Amino acid sequence: ICINSSHRGLSIFLKTFATTYCELIDIMESSKSFKEIGVSKWLVEALSAMKINQPTAIQSACIPQILKGRDCIGGAKTGSGKTIAFAAPMLTKWSEDPSGMFGVVLTPTRELAMQIAEQFTALGSSMNIRVAVVVGGESIVEQAIQLQKKPHFIIATPGRLAHHITSSGMDTVGGLKRVRFLVLDEADILLTNTFTKDLATCVSILPPKAQRQNLLFTATVTDQVKMLQEAPQVDGKPPLFSYQVETVDDVAIPSTLKIEYLLVPEHVKEAYLYQILTSEKYENSTAIIFVNRTVTAEILRRTLKQLEVRIASLHSQMPQQERTNSLHRFRANAARVLIATDVASRGLDIPTVELVINYDISANPDTFIHRAGRTARAGRLGESICFVTQRDISRIQAIEERINKKMTEFTDVHDTAVIRKALNKVTTAKRESLMAMEKENFGERRKINKRKLETKSYREK
Ligand SMILES: Nc1ncnc2c1ncn2[C@@H]1O[C@H](COP(=O)(O)OP(=O)(O)OP(=O)(O)O)[C@@H](O)[C@H]1O
C-alpha cells in the first residue's frame, strides 16, 4: 500500500481504510443468516417470501440479544431495517406460545402505526396473527371491539391508546396487563414532552418494567435516549443491550444519500420547485416535498395540481380518510409527488421515493435526517435537495454539523430557465389557488374541522 507522504493524505487514507474496515465488519457481522441468529423457521420463510434474506447490521446485532430476554436500545440510520429488528424477535417468541395481547408497539404517527401493523400482519399471516391498530382519526368503538378480541399485537399512537385505557372498560384493555413486549418506535420523539402524559398512561396498565421486555429504536439518539442507556437495569433482569451504528466518520445519514442545497429567492420558491419537478432529469422521479406549515402544503398542492403535476398532500389538518387515501395514491404511484409536513417525516417506508426536497428548512437538524431518510432506504440510492433562502443559512450550518457532512450545491437548474419558463405560469396558478382558498375560507375551514372533530370525539366518549 503506497502511503502518501503528506499528513493530510495519510489521514484521508487511514480514515477511508477505517470506514471501509468498519463497513466490512458490519457486512461480516451481518453475514449470518436469520436462522443462525435465532429467528423461527416459519418467519425465515415469510421474510424470504418478501425477498428479505440477509439481516442488516442492526438486525444481526439486536435480534439475538432480544431473544435472550434483554431490553434493547437500537440506534441506526434511516432505512436500515429497525422495524424487523424488533418485529422478528417478538414474532419468534410469540409463536412459541401465541397468546393474546403479546406485544404493544407505540409510534408517533397514525400512518407509521398503520405501516408497522401491515408489516406484522404480512409477516405473521401464516400463523393467523391478529393485529389491532389503535390510532386517532379512526372509530373508537371499532377499536374497542378489536381490543376485546385480545389481538396478539397492538400497534398504537400513545394518545389514542391512553384514551382507551382511561375510558374503555377493563373488558377492553384488561388484557394489556399480560403484555410481554413494549416497543417505542421513533423513541426519541416519544420521549419528548409532547408524549409524556399519554406514554405514562399507556405504561401504567402494562406489567412492571422488570416483567416485560422494553425495546427502543430510533435513527437519532438524543439525550433522553442516552439517559435510558445509562439508567441502572432492574434487579434480576439481564443487562440492557444497547446498539448504535458507529462508523469512523459517524455520518448520520446513509452513504447512498446525496445531499445538496440550492440558493433560492424566497418569493419565487414555487417556480424553482416546478422547474425541477418538470425538468428532463426529474419529470419521472417520485418525490416528497417537505414544508413546515399545513397552509404551505395546501397552496403548493393546489398550485402544482393546476399545473398538471400528479400531486397528493399529507398533513395534520386533513381528515384521516383523506390522509390515508393520499398515502395510498402516492404508494401506488397514482400521485408522483407528495407534499407533506413532518407528519410524514419519520419511518414511512416507500421504496420508490427517489428525491426529497426540503422546500422549507426545519429548525431541528434531527428532522432533516428523518425527512431525507425517506429516500436512499435499504441501500438504494437517493437524493435530497434543500431550498435555502437568506434566512436559512444558520439552519443549514446546524444540519451540516449534526450530520457531520457538507452539502454540495445543486446545479441542475438555472435562474434564466426558471424566469423564462416557469415564473409566469406558476405565479398565475398560485394566485388562482390563493383566491380559491380564500373563497373556501381554508383557514376558517381548518378551525371548523377542528371543532367538528372535538365534538365528534366528545360524543363518542
Ligand atoms: N434484512 C433486510 N434486507 C433487505 N431489506 C430489508 C431488510 N430489513 C428491512 N428491509 C427493508 O428496508 C426498508 C426499510 O426498513 P425500515 O422501514 O424498518 O427502516 P428503518 O430503519 O425503520 O427506517 P426509519 O429510520 O426511516 O424508520 C423496508 O422496505 C424493509 O422492508
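Which ligand atom is 2.6 Å from an N or O atom in the side chain of D349? It is an oxygen atom of the ligand, and the views below, all taken from a predicted model, start from this contact.

**View 1. The ligand and the residues that surround it in the predicted model.**
Of the 21 residues around the ligand, those that come nearest are Q54, K82, D349, R374 and R377. Besides the contact of D349, whose side chain places an N or O atom 2.6 Å from an oxygen atom of the ligand, a polar side-chain atom of Q59 lies 2.8 Å from a nitrogen atom of the ligand, and a backbone N or O atom of S80 lies 3.0 Å from an oxygen atom of the ligand. Taken alone the ligand exposes 640 Å², and 87% of that area is buried by the protein. The most to the shell around the ligand comes from helix α4, residues 82-96, which gives three residues.

**View 2. The salt bridge between D349 and R377.**
D349, which also has a side-chain N or O atom 2.6 Å from a ligand oxygen, meets the side chain of R377 in a salt bridge with an N to O distance of 2.7 Å. The pair links distant parts of the chain, since D349 sits in the loop between β11 and β12, while R377 sits in the loop between α15 (365-372) and β13 (382-388), 28 residues apart. Are the two partners buried or partly exposed? D349 has a relative accessible area of 24%, so it counts as partly exposed, whereas R377, with a relative accessible area of 9%, is buried.

**View 3. Salt bridges R346–D188 and D412–K281.**
The closest N and O atoms of R346 and D188 are 2.6 Å apart, and the two residues form a salt bridge. R346 belongs to the loop between β11 (337-340) and β12 (355-358) and D188 to helix α9 (residues 187-190), so that this pair links distant parts of the chain, 158 residues apart. Both R346 and D188 are buried. In the other pair shown, the side chains of D412 and K281 meet in a salt bridge of 2.8 Å, N to O. Because D412 lies in the loop between β14 (408-409) and α17 (415-439) and K281 in the loop between α12 (269-277) and β9 (287-290), this pair ties together parts that are 131 residues apart in sequence. D412 has a relative accessibility of 41% and therefore counts as partly exposed. The count for the model comes to 16 salt bridges, and E298, R301, R302 and E440 are linked in a network of such bridges.

**View 4. The open sheet of seven strands.**
The strands follow the order β10-β11-β9-β12-β13-β8-β14, with parallel pairing. Which strands form the edges? They are β10 (311-314) and β14, each of which pairs on one side only. Although β10 is an edge strand, both of its faces are covered, with I311 and S313 buried on one side and A312 and L314 buried on the other. Four bridges join β10 to β11 in parallel, and within this pairing A312 stands opposite L338 in β11. From β10 the chain crosses through helix α14 (residues 320-331) to β11, and this β-α-β crossover is right-handed. β11 is also joined to β9 by four bridges, again with the strands running parallel, and I289 stands opposite I339 in β11.

**View 5. The parallel pair β3 and β4, with helix α7.**
Strand β3 (residues 131-134) and strand β4 (residues 153-156) run parallel and are joined by four bridges. The bridge partner of A132 in β4 is I154. Between these strands the chain passes through helix α6 (residues 140-148), in a β-α-β crossover that is right-handed. Helix α7 (residues 158-167) is mostly covered, seven of its ten residues being buried; these are P158, R160, L161, A162, H163, H164 and I165.

**View 6. A57 in helix α3 and its separation from A85.**
A57 is found in helix α3, which covers residues 57-67. With a relative accessible area of 17%, A57 is buried. The C-alpha atoms of A57 and A85 are separated by 9.5 Å, and the two residues are 28 residues apart along the chain.

Technical notes: Residues numbered from 1 in each chain as written. Predicted model: local features only at pLDDT ≥ 70, side-chain atom pairs only at ≥ 80, totals over all residues. Heavy atoms only, no water. Pairing = 2+ DSSP bridges. Helix = DSSP H or I, 4+ residues; strand = E, 2+ residues; numbered from the N terminus. Right-handed = clockwise from strand over helix to strand, strands pointing away. Salt bridge = Lys/Arg side-chain N within 4 Å of Asp/Glu carboxyl O. Buried < 20%, exposed > 50% of the residue type's maximum accessible area, 1.4 Å probe, protein only. Near = heavy atom within 4 Å. Polar contact = N/O pair within 3.5 Å; in protein donor to acceptor, adjacent residues only side chain to side chain. Areas by Shrake-Rupley, 256 points an atom, 1.4 Å probe, with all protein chains shown as cover.
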